[in-house]
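Here is a short tour of a sheet, the helices that pack on it, and one more helix. Please have a look at the fold before reading on.

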Amino acid sequence: MEKFNVADHGFEGCLLEAEQAEEKKVMILNLMFAPHSIMIKKTEQWLVKNGISALSLASWGTKQTVPDENLVPLDYILKAAAYLKKLGYQKIGITGLSLGAVMALYGAALSPDISLTISISGFDMLFEGVLGRGTQYPSGHSSLTLEGKELPFQPFYLDKAGYQKEMKEAKKAHGETYGRGLWEKSIQKECREEAKIPVEQIRGKILLLSAEHDTCWDSAGAAERINKRIQELGGSASVRSKVYKHATHMLYPDTVPFINLMTKMVFKEAKKYSAECAASRKAVSEEILRAAREW
């Protein structure tokens, strides 16, 4: 396993290479968890077992990166993709989860080297960054930066007290952490066109995986808008979209044994429909491998 750091390579991550593969394919993993975590290690091993090398990327929350989902350099993805191309990889893909999926979509739109983009519980707009762990609040700045400059974003139109009040009331009403309403109210108040990800620039193939009852944001609706934007603006990427009736925002591939317990601790949907959510995660794993085989 080869390790990379921000100072020397421009990104933090670990590369696990598939030894016996027909083509040199590699998948960048931007899945919210640190590269050294068991979640990521198991996912890397699963990809390598199926003939796909894996580069796990750290985007925030480590010693080398920013602490919060705020002002995260999109440069990490672009530099990682360019580096992999120099290593001789013929096909470079990226899989992202939640904000990691937003980064994957945005990064793929800007990188000429990425030809497979997999968005799990992603969104079609860039929102205001948030600070803090557990009890979060809006930063007043963008979630992402590029070359040191903030990318255009959709604000929440709330201060710290207002944001936390909305989240507290939503949790009381829904019986779980429920952020979806914040995003919907923000867009209804004023939808900023410049905050939309230029998905029409993405090349190759796009796979959009989302939960019908996503409690973080409307990832299923975002998938529809992504497909529509690509068609209307003449994008060249082919899009496949799957929406799962019983699933959660944590629509993580079925690669670790404790993911079922983990989601049941956080999401009502996973508690009520445990078997169905597990089946959805298995289906997600199959969709990812299918996309990689047809790539």
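## The sheet

Two strands count as paired if DSSP finds at least two bridges between them. Helices (H or I, at least four residues) and strands (E, at least two) are DSSP runs, numbered from the N terminus. This is a predicted model, in which local features need pLDDT of at least 70 and side-chain atom pairs count only at pLDDT 80 or more, while totals for chains, interfaces and linings use all residues. Residues are numbered from 1 along each chain as its sequence is written, and side-chain values use heavy atoms, leaving out hydrogens and water.

The open sheet has eight strands with mixed pairing, running β1-β2-β4-β3-β6-β7-β12-β13. At its edges stand β1 (2-4) and β13 (238-244), each with a single partner strand, so one side of each has no neighbour in the sheet. Strands β3 (residues 25-30) and β4 (residues 53-58) pair in the parallel sense over four bridges; Leu29 has Ser56 in β4 as its bridge partner.

## Helices on the sheet

Helix α4 (residues 99-110) packs on the sheet and touches β3, β6 (91-97), β7 (114-120) and β12 (205-211), where contact means heavy atoms within 4.5 Å. Helix α7 (residues 219-232) also packs there, touching β12 and β13.

## Helix α10

Helix α10 (residues 274-294) has 21 residues, and its end C-alpha atoms lie 30 Å apart, in agreement with the span expected at 1.5 Å a residue (1.5 Å times one less than the number of residues). Its buried residues (under 20% relative accessible area; exposed is over 50%, partly exposed in between, with a 1.4 Å probe and protein chains only) include Cys277, Arg281 and Ile288.

Arg293, also in α10, is exposed, with a relative accessible area of 61%. Arg293 and Ile52 are 241 residues apart in sequence and 9.5 Å apart in space, C-alpha to C-alpha.

Definitions and conventions
Axes are lines fitted to C-alpha atoms, for helices over the stretch in contact, and angles run from 0 to 180 degrees between N-to-C directions.
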